[in-house]
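Student: I am new to this structure. Please take me closely through one part, the ligand and its surroundings.

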Amino acid sequence: MVRSIGLPKETKDGERRVALEPSAVASAVAAGFQVRVQASAGVGAGFSDDEYKRVGAAIVSSAEEVWASDLVVKVKEPQDAEYKFFREGLILFDYLHLAAEPKLATALQESGVEAFAFETLTYPQGLPLLAPMSEIAGRAAAIVGAYYLASGSGTLLGGAAGVQPARVVVVGLGVAGTMAARGARGMDAEVTGIDIDLHRLYQAHMEGTVSSTLASSDSAIADAVSGADLVVGAALVTGAKAPHLVKREHIASMRPGSVVVDLAIDQGGCIETSRPTSLSHPTFVESGVIHYCVTNVPGQYPRTASRALSAAVAPRLLDLARDASSARIEGALNISHGKIVHPAVAKALAE
Ligand SMILES: NC(=O)c1ccc[n+]([C@@H]2O[C@H](COP(=O)([O-])OP(=O)(O)OC[C@H]3O[C@@H](n4cnc5c(N)ncnc54)[C@H](O)[C@@H]3O)[C@@H](O)[C@H]2O)c1
């Protein structure tokens with residue numbers, strides 16, 4: 001039975017989000033849970049310890065004390081230094097992205113943590129705990145893509161009178177891809193959206209989110225990418241390792257100084273040449289192309305991101321704390337009693 005809920009300070013590089021804002025903590029306290037907040041957990045997002053104290057949280061000074069709670073809710077997957085807090089029966093609720101984190105999966109299995117992932121929860125529909133961060137990461141992708149094109153090929157997204165706008169290709173027109181496309185269109189780029197789901201392409205086409213659409217195939221991606229100034233990777237198969245849709249040779253065909261932003265990097269990346277980068281060191285160059293593959297893009301907008309995440313997480317947190325088998329947290333359970341129980345995650349980690 002869950003009596004206490006812990007809210008740690010995030011430890012991932014550059015991460016300033018917090019999983020619950022004070023109003024969400026107030027709801028948990030009103031529901032009868034003891035909430036322990038690690039000192040300064042909310043400061044990066046503009047929430048002081050006093051604000052949490054005023055709504056009834058206990059402010060604790062150490063990570064040990066907060067992780068001693070029955071249930072720990074946080075934003076990013078635990079970092080190496082946090083593995084020592086794992087123990088049998090601990091309920092963990094956060095982003096896990098285990099398909100790209102086999103070491104974490106093993107640590108969770110061996111310690112007997114009951115691990116629930118935000119990104120695979122499917123109640124009531126879609127991926128409601130992934131969507132708010134995908135929305136923010138998508139918007140950010142257009143901003144950072146435009147920014148790095150300046151130092152790269154020197155291309156301005158909107159072009160100029162007598163000069164064509166930049167060409168942007170978005171692979172995967174879900175929540176993140178749609179927002180990236182909207183952002184790039186907003187800066188007057190020419191945007192091609194690629195997806196395997198024809199209904200999504202139809203919607204984007206009818207709503208004018210993109211300049212053109214392409215049904216996903218290796219040859220369509222090869223053609224589109226070779227003429228692109230900016231490629232955004234945002235394809236997802238829930239729980240699975242991201243498919244390598246943009247191949248090394250596609251990247252090599254791009255103009256030097258072009259940019260790729262692989263948002264799908266948290267699931268391993270949908271661009272073959274991608275590897276995870278951090279907010280401190282966000283880019284590397286491969287085949288002359290600037291790669292931005294940050295795994296916690298929304299962490300650089302902590303106020304907006306924490307509030308959006310908290311609004312989505314808070315009701316599901318109460319469902320989980322009351323009854324870990326609730327239908328309202330369907331799809332979230334990834335690891336239970338030492339076994340990987342989410343089929344797509346299990347398949348990805350077995351490959
Ligand atoms: N890096 C970050 O900080 C960050 C932040 C938020 C989200 N993300 C990631 O962004 C990715 C996208 O998330 P989302 O919420 O937009 O997912 P989503 O489910 O809304 O969209 C994914 C899209 O990919 C499409 N797709 C699947 N297979 C495809 C294929 N073979 N070809 C083309 N399209 C294909 C799907 O049809 C769908 O439209 C995820 O990996 C998510 O974890 C990353």
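Tutor: What follows is a look at the ligand, then at the pocket, then at two backbone details.

This is a predicted model, where local features need pLDDT of at least 70, side-chain atom pairs count only at pLDDT 80 or more, and totals for chains, interfaces and linings use all residues. Residues are numbered from 1 along each chain as its sequence is written, and side-chain values use heavy atoms, with hydrogens and water left out.

Start with the shell. The ligand is surrounded by 28 residues; a residue belongs if one of its heavy atoms lies within 4 Å of the ligand. S134, D195, S216, D266 and V297 are the closest. By type, the shell holds 16 nonpolar, eight polar and four charged residues. Here Ala, Val, Leu, Ile, Met, Phe, Trp, Tyr, Cys and Pro count as nonpolar, Asp, Glu, Lys and Arg as charged, and the others, Gly among them, as polar.

Now the backbone. Polar contacts are pairs of N or O atoms within 3.5 Å. A backbone N or O atom of L263 is 3.2 Å from a ligand nitrogen atom. For I196, a backbone N or O atom lies 3.5 Å from a nitrogen atom of the ligand. T295 has a polar backbone atom 3.3 Å from a ligand oxygen atom. On its own the ligand has 870 Å² of accessible area, and the protein covers 91% of that. Such areas come from the Shrake-Rupley method with a 1.4 Å probe.

The ligand takes up the space of the largest pocket. A molecule sits in a pocket if more than half of its atoms lie within 2 Å of its grid points. A pocket is an open set of points on a 1 Å grid over the protein atoms alone, where a 1.4 Å probe fits, with protein on both sides within 12 Å along at least five of seven lines; lining residues have an atom within 4 Å of a point.

Two elements give two or more residues to the ligand shell: α5 (131-151) and α6 (175-186). Of these, α5 gives the most, three residues. Helices are DSSP runs of H or I with at least four residues, and strands are E runs of at least two, numbered from the N terminus.

The largest pocket has 49 lining residues; G174, V175, A176, A234 and L236 lie nearest its centre. The lining divides into 26 nonpolar, 15 polar and eight charged residues.

Finally, two loops. Y123 and P124 are joined by a cis peptide bond, with omega about -5°. P124 is in the loop between β6 (114-117) and α5. D188 has a positive phi, near 70°, and is not glycine. This residue sits in the loop between α6 and β8.

Note on methods: A polar contact is a pair of N or O atoms within 3.5 Å; within protein, one must be able to donate a hydrogen and the other to accept it, and residues adjacent in sequence count only if both atoms are side-chain atoms.
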